[in-house]
Amino acid sequence: MIRKVLLIIVIVALSIIAVDLFTGTSGVNTSKKEPKIVEVPSPILEYGIPVDSFNIVEGQIRWGQTIGNLLTGLNIRNEIINKLALVNPDTFNSKKVKAGNRYKVFYTKDTVNAVAYLVYGHSPIDFYIFDFRDSLRIYPFQKEVRAVRKIDEAQIKSSLWETMKSSGINPVLALDLSDVFAWTVDFFGLFPGDKFRVMYDELMIDSTSIGIGTIHAAWFEHRGEMNYAFRFEQDSVASYWDEKGNSLRKSFLKAPLRFSRISSRYSGSRMHPVLKIYRPHTGVDYAAPAGTPVVAIGDGVVIEKGYNHAAGNFVKIRHNSVYTTGYNHFSRFGKGVEKGARVKQGDVIGYVGSTGYATGPHLDLRFWMNGKAIDPLKVKSPPVEPIKAENLSRFTIARDSLLSLLDSTKVIVPDTLSIK
């Protein structure tokens, strides 16, 4: 009987414990705790190297210093330095190391303080990584170039270059903007009060500008006349067009050289600086430093190349049955410029000099229409083929979109685009 009672007690006790465990009413907590997530910060990478793991020392290549000299000064073993001679020049050419270029040395954070990496900067974009952790391995590294979309505007005060510089705009933009409007704006005759507004990409590495990328749209108010430029691709070729779809590329450039000044204009009677007599000057003189490149203002064929006492070294180009241009006082001729040679608009045909009757370095540009001398600054050249009919609707949409952006804010795209 006692055994029977004890058995019943044990069964009841086990039942209570089982129910308690099942319903969770016991003081014993058997639930599993959620694991605590610890966020590990991502390593800070530079050139693909976790910089927070190393002590870094920066330096600059001295005049006459070689990579070998540099590594010796860093106490790199001779057997490793000697391996530089075995490196394929296509991988790294030690002969192209330039004085003034910068480098970084990555030291281990321990008592040994050994050199783990050397990073040599060949250009703002291109770097070479020397990995000393296991003998020697050299490999290239390129920094990402970002295109930052911007809009800038200014009113001309002096030259385009000086205006941009004083307005806080990258003055390199002046070169590209003058190329876009080379056929429609006389950059040698800008007036105070002329204005421009341009939407473009500035190329950046980290926080440093390395140049100007694409100009997307712009307008330039010159002598009260508005000149528009919209970048649009036709037949797989990107070019610039005005608001009506006419190409900005005319038959002739406005000038045969960049950013000079007109020292003498077309005149029926001018005191010759050398002969000291009054005589017609049927050209335009552009004063520029000796050696400044001079380009053909239009496509054509070289019909004369030579020297005479008045013009010095000269070239004459026939562009078509109507127009011919001449270029005088070269110091030397451009490569491949010979009689009978075909030249393209923008090809360098010579360099500014002072040969012939000249008191200083300058270019004397001549222009003939149907064999008669005319003022080069008054030539109205027709545009090349406009937007094709089948592309006109697509151009109109692109133009309106660009114009809307151009008339918006100062910086319109805060996000950046990677340049591959």
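# A tour from helix H5

Select helix H5, residues 173-180. Its buried residues are Leu173, Ala174, Leu177, Ser178 and Val180. Look down the helix axis: these buried residues fall within an arc of 155 degrees, so they line one face of H5. An α-helix has 3.6 residues a turn, so residues three or four places apart point the same way. Keep in mind throughout that this is a predicted model.

Now show what packs over that face. The cover includes helix H4 (160-166) and the strands S9, S10, S11 and S12.

**The whole chain**

Zoom out for a moment. The chain holds six helices and 25 strands. Of its 420 residues, 41% are buried. Turn on contacts between residues at least 6 apart in sequence: 62% of them join residues at least 24 apart.

**Helix H6**

Select residues 392-406. This is H6, with 15 residues. From first C-alpha to last, H6 reaches 20 Å, close to the 21 Å expected at 1.5 Å a residue.

Which residues of H6 are buried? Colour Phe395, Leu402 and Leu406; these are buried. They cover an arc of only 40 degrees around the axis, which puts them on the same side of H6. Rotate to the other side of H6 and find Ser393 and Ile397, both exposed.

Next, show the cover over the buried residues of H6. It includes strand S8 (145-155), strand S9 (195-205), strand S10 (208-222), strand S11 (225-234) and strand S12 (237-241). S9, S10, S11 and S12 are also among the elements that cover the buried residues of H5.

**Strands S11 and S12**

Stay with S11 and S12. The two strands pair in the antiparallel sense over five bridges. Pick phenylalanine 230: its bridge partner in S12 is tryptophan 241. The hairpin of S11 and S12 has two residues between the strands. In this hairpin, aspartate 235 takes a positive phi near 55 degrees.

Step to glutamine 234, in strand S11. Is glutamine 234 buried or exposed? Glutamine 234 has a relative accessible area of 9%, so it is under the 20% cut-off and counts as buried. Show its contacts beyond four places in sequence: Trp241, Pro386, Ile387, Lys388 and Asn391.

**The loop before S10**

Select aspartate 206, in the loop between S9 and S10. Aspartate 206 is not a glycine, yet its phi is positive, at about 55 degrees. Most residues other than glycine have a negative phi. Aspartate 206 is partly exposed, with a relative accessible area of 49%.

**The largest pocket**

Display the largest pocket, with about 790 Å³ of space. Its lining has 33 residues. Label the ones nearest the centre: Trp183, Thr184, Val185, Lys254 and Lys380.

Which strand gives the most to this lining? It is S11, with four residues. S11 and strand S23 (362-369) each supply at least two lining residues.

**Strands S4, S5 and S6**

Move to S5, residues 115-121. Seven of its seven residues are buried, so S5 is largely enclosed by the rest of the structure.

Add S4, residues 102-108. S4 and S5 pair in the antiparallel sense over five bridges. Find lysine 104, which stands opposite valine 119 in S5.

Now add S6, residues 126-131. Five bridges join S5 to S6, and the two run antiparallel. Leucine 118 has phenylalanine 130 in S6 as its bridge partner. In a regular strand the side chains alternate between the two faces of the sheet.

Compare the two turns. The hairpin of S4 and S5 has six residues between the strands. The hairpin of S5 and S6 has four.

Pick asparagine 113, in the loop between S4 and S5. Asparagine 113 has a positive phi of about 55 degrees, although it is not a glycine. At 38% relative accessibility, asparagine 113 counts as partly exposed.

**Last stop: tyrosine 307**

Select tyrosine 307 in strand S18, residues 300-308. What does tyrosine 307 touch, not counting residues up to four places away in sequence? Its contacts there are Gly312, Asn313, Phe314, Thr355 and Gly356. Draw a distance from tyrosine 307 to glycine 356, C-alpha to C-alpha: it reads 8.1 Å, with the two residues 49 apart in sequence.

Conventions. Residues numbered from 1 in each chain as written. Predicted model: local features only at pLDDT ≥ 70, side-chain atom pairs only at ≥ 80, totals over all residues. Heavy atoms only, no water. Expected span 1.5 Å × (residues − 1). Buried < 20%, exposed > 50% of the residue type's maximum accessible area, 1.4 Å probe, protein only. Arc of directions from axis to C-beta. Contact = heavy atoms within 4.5 Å. Pairing = 2+ DSSP bridges. 1 Å grid on protein atoms, 1.4 Å probe; cavity = no way out; pocket = protein on both sides within 12 Å on 5 of 7 lines; lining within 4 Å. Points joined across faces, edges and corners; volume = space filled by probe spheres on them.
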